Each structure stands twice: as structure tokens, then as C-alpha cells.
Amino acid sequence: MPTEPKKNQSAKIELTEQELRDITAYAAACAHRALPIFEQSDPTDPRPREALDAALAFASGGRRTAALRNRAWAAFKAAREASTPAAEDAARAASHAAAAAYLHPLADAHQVKHVLGAAAHAARAEELALATPGTLDWARRHAPRAVTDVLARLPRAPVGGGRVGALMRELDAALRA
């Protein structure tokens, strides 16, 4: 049960380590679908793949370490340096996947980005690359129970965020239905 928040503070939610692992594995699987888009555009940049590898290591029982956080930031930097907009969103998906391990137990709409950000950025990468869309539907069909259980404890996805925000809200609504 959420605790009563202090002024300007979100209520806390229950969040188990296994839920964090399941959410991170899901986010990594979503981001992996867009990784080829990045690697075709920037084949010598290993940062998004390394972020996904680190996310999967955590999801498989590894520890949350500074290396995992650093890999998430490195993929974010790769996104800023990407050669195409599609590659940028693919790298952002990898960054969000690694950052999913750092979901905070707060009933805050921003936390929905930790759960669904990788899927939304991967879907946007597909759109921009004119690839066959499928990630959003895949993400809806393959969301583990931990994703839907945690989303039920969080507010709905926040407004804004352009096309990625719209994709996130679409997925959020589908997973809550």
C-alpha cells in the first residue's frame, strides 16, 4: 500500500527485486528489436549493445552496479551522436533498457518511462527507419506479469514527449486494459 507522500514527494509503492529483473529483461527484449537499426547506421559503436548486455546480466541475477548505470549513460551518449534519427531512437531504447534496473519505488508517472521507455523508443526507431512495425504489438503481447503489476501501482504515462510519448501512452493504455 502506498505511503502518504510529503509535500512535493511521490507516494512509495512496493517493488521487489524480481519485478525489477523482469521489467529489465522485458525492456532489453524490446530494445533488442531495434538494435539492428542502430548497428546498421553506426556499426563501429558498441555502446547500445553493451547497455543491453549489462541489462540482461542484471535481469539474469547480476548486481546493479555502477557499470550498469555507466552503460545506460553510454548508450544515451551514443543516441546523441547517432548518424540518423532512427539510430538515435534505437540507442535510446538500449539506454532505457539498462536504466530500467533503476526504477524507483515511487508512484510517479515519470517511473512509467523506466518500464515502457525502451519499447516506445524501439517502436519509434522502427517508424523512422521505415521498418516493418511490430515492436509495440510485440511489447503488448509479451509483457510479463511484473510489468502489468507494477504499472497498476503507478499513475498513467505522463503527457508530452512527442511521438515517443504517444507510443508510450498507447502501450500503457493497452497493458492496463
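Biologist: How do the residues of the lining of the largest pocket divide into nonpolar, polar and charged?

Modeller: This is a predicted model. In the lining of the largest pocket, seven residues are nonpolar, seven are polar and three are charged.

Biologist: Which residues lie nearest the centre of the largest pocket?

Modeller: Of the 17 residues that line the largest pocket, those nearest its centre are Trp73, Ser95, His96, Ala99 and His114. The space in this pocket comes to about 440 Å³.

Biologist: Which helices each supply at least two residues of that lining?

Modeller: The helices that do so are α4 (66–80), α5 (85–99), α6 (111–128) and α9 (162–176).

Biologist: How many helices and strands are there in the protein chain?

Modeller: The chain holds nine helices and zero strands. Its pattern, read along the sequence, is accordingly written α-α-α-α-α-α-α-α-α.

Biologist: Why does the radius of gyration of the protein chain agree with that of a compact globule?

Modeller: The radius of gyration is taken over C-alpha atoms, and the globule rule depends on the number of residues. For 177 residues the rule gives a value near 16 Å, and the chain has 15 Å, so the two agree. Along its principal axes, the C-alpha trace spans about 50 × 30 × 30 Å.

Biologist: Among contacts between residues at least 6 apart in sequence, what percentage join residues at least 24 apart?

Modeller: In this chain the figure is 74%.

Biologist: Which residues have the most contacts inside the largest nonpolar core?

Modeller: They are Tyr26, Val115, Leu116 and Val147, in a core of 61 residues. Valine 147 serves as an example: leaving aside neighbours within four places in sequence, this residue is in contact with Ile23, Tyr26, Val115, Leu116 and Leu175.

Biologist: Is alanine 11 buried or exposed?

Modeller: A residue counts as buried under 20% relative accessible area and as exposed over 50%. Alanine 11 has 14% relative accessibility and is therefore buried. This residue is found in the segment before α1 (17–32). Buried residues make up 46% of the 177 residues in the chain.

Biologist: Is threonine 132 buried or exposed?

Modeller: Threonine 132 counts as exposed, because its relative accessibility is 68%. Its place is in the loop between α6 and α7 (135–142).

Biologist: What distance separates the C-alpha atoms of threonine 132 and arginine 92?

Modeller: Separation along the chain and separation in space are read as two values. Threonine 132 and arginine 92 are 40 residues apart along the chain, and their C-alpha atoms are separated by 19 Å. For alanine 11 and leucine 167, 156 residues apart along the chain, the C-alpha separation is 26 Å.

Notes. Residues numbered from 1 in each chain as written. Predicted model: local features only at pLDDT ≥ 70, side-chain atom pairs only at ≥ 80, totals over all residues. Heavy atoms only, no water. 1 Å grid on protein atoms, 1.4 Å probe; cavity = no way out; pocket = protein on both sides within 12 Å on 5 of 7 lines; lining within 4 Å. Points joined across faces, edges and corners; volume = space filled by probe spheres on them. Helix = DSSP H or I, 4+ residues; strand = E, 2+ residues; numbered from the N terminus. Nonpolar A, V, L, I, M, F, W, Y, C, P; charged D, E, K, R; others polar. Core = buried A, V, L, I, M, F, W, Y, C linked by side-chain atoms within 4.5 Å. Buried < 20%, exposed > 50% of the residue type's maximum accessible area, 1.4 Å probe, protein only. Contact = heavy atoms within 4.5 Å. Rg over C-alpha atoms; globule rule 2.2 N^0.38 Å.
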